[in-house]
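Trainee: Please take a close look at one packed pair of helices. Then show me what lies around that pair.

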Amino acid sequence: MSPTFQVSALRRRAVLGAGLAAMLPLAARAQDWPSRPVTLVVPFPAGGSVDLIARLYAEPLSKALGTPVVIDNRGGAGGSIASAQVARAKPDGYTLVVSSQSSHLANPLTQANPGYDPIKDFASITQLARSINVLLVNPAVPAKTFKEFVALVKARPGELNFCSAGPGSMGQLNVELMKSQLQLNATHVPYRGGGPLVTALISNEVQFGLDNLAPFLPHIQAGKLRALAVAAPARVAALPDVPTFAELGYPVLNTTSWIGLAAPARTPPEVIAALHKAVRSVADQPAMAEALLSRGSLTPEVQSPAQFTAMMSERLATYGEMVRRAGIRGE
């Protein structure tokens with residue numbers, strides 16, 4: 001064997017060995033995972049709907065994984081700041097983000113630079129819950145049904161005001177999608193958060209909204225607000241006389257909002273699979289279904305990580321077209 005060949009062979013072995021050495025720590029981490037606490041970053045302050053769902057899962061998920069699951073609230077920029085931080089975190093399965101349509105759909109579509117791509121920068125794992133949306137009006141609005149509501153808005157273009165939790169929020173996007181589907185003209189009045197929004201609707205400062213059911217349900221039941229339609233797979237037990245958007249002939253408006261779980265991109269597939277299995281084992285428990293329903297939410301759809309990502313991509317396309325057409329911009 002010539003000296004040149006021997007040197008080349010040694011170099012090839014050295015390169016191969018270096019490559020294998022670089023891969024071994026990742027494989028070892030995936031094989032040993034989890035060996036320490038897992039952090040669920042909630043990109044919103046404590047007490048909101050995303051935070052409540054995360055806390056519902058924390059304890060049972062700790063048992064399923066065999067390691068503590070810690071909640072870390074990091075509010076700011078409608079969820080963008082913390083989501084961007086998780087996107088840049090080490091992809092080892094120990095730092096995850098509780099994603100939502102606010103942080104992983106509305107923000108990327110309406111903010112100039114949220115600091116992350118909701119598809120490319122994350123390995124989406126699965127849904128944690130689905131939130132029912134409701135179209136509701138102040139009782140002073142002379143519309144008792146969805147059909148009467150549509151006729152009223154068309155007869156008074158631009159006169160009725162609708163509320164949202166802020167510019168570019170899902171509350172605005174939901175109504176803008178409805179407006180585009182039904183050729184409606186109404187005026188957007190943004191508020192800073194859900195509390196002021198509820199107060200504005202009850203006081204008739206604004207006339208209608210289309211947002212998550214949970215904070216509005218007690219006021220609907222007390223007669224302070226009137227529900228005209230729900231976005232849900234079936235009628236809501238607490239509102240049996242209120243039809244779904246699908247029943248009314250508008251399936252595109254009948255989508256529930258999702259809350260999910262995501263890891264940084266390039267997290268080992270074995271870790272993603274283990275997380276998916278653990279979350280599903282918790283979501284399938286009857287106690288979790290009851291807990292979610294008591295908070296105005298539904299059990300998550302059974303989706304693989306690939307299916308969850310595909311669903312997100314479809315919604316980004318649907319809402320993205322509408323956002324561009326309407327010229328919606330977030331704060």
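Mentor: Start with the vocabulary of angles: under 35 degrees is roughly parallel, over 145 roughly antiparallel, 65 to 115 roughly perpendicular, and the rest oblique. This is a predicted model, where local features need pLDDT of at least 70 and side-chain atom pairs need 80 or more, while totals for chains, interfaces and linings use all residues. Residues are numbered from 1 along each chain as its sequence is written, and side-chain values use heavy atoms, without hydrogens or water.

Take α6 and α11. Helices (H or I, at least four residues) and strands (E, at least two) are DSSP runs, numbered from the N terminus. The α6 and α11 axes lie 10 Å apart, at an angle of about 85°. Here axes are lines fitted to C-alpha atoms, for helices over the stretch in contact, and angles run from 0 to 180 degrees between N-to-C directions. The two helices, α6 and α11, are therefore roughly perpendicular.

Now the contact itself (heavy atoms within 4.5 Å). From α6 come M170, L173, N174, E176, L177 and S180; from α11 come T318, Y319, M322, V323, R325 and A326. By class, the α6–α11 contact has seven nonpolar residues, three polar and two charged. Nonpolar covers Ala, Val, Leu, Ile, Met, Phe, Trp, Tyr, Cys and Pro; charged covers Asp, Glu, Lys and Arg; the others, Gly among them, are polar.

Next, look at α4, residues 101-110. Seven of its 10 residues are buried (under 20% relative accessible area; exposed is over 50%, partly exposed in between; 1.4 Å probe, protein chains only). Those buried residues are Q101, S103, H104, L105, A106, N107 and T110. They pack against α6 (170-182) and α11 (305-326), and also against α3 (80-87), β3, β4 and β10.

β3, β4 and β10 lead on to the largest nonpolar core. They are among the elements that give two or more residues to it. A nonpolar core is a set of buried Ala, Val, Leu, Ile, Met, Phe, Trp, Tyr and Cys residues joined through side-chain atoms within 4.5 Å. This core has 35 residues, and I53, Y57, L96, V98, L128 and L261 touch the most other members. α2 gives the most, with eight residues. Leaving out residues up to four places away in sequence, I53 touches L128, A129, I259, L292 and S297. Another core, of 33 residues, lies apart; V137, F146, L182 and A229 are among its members.
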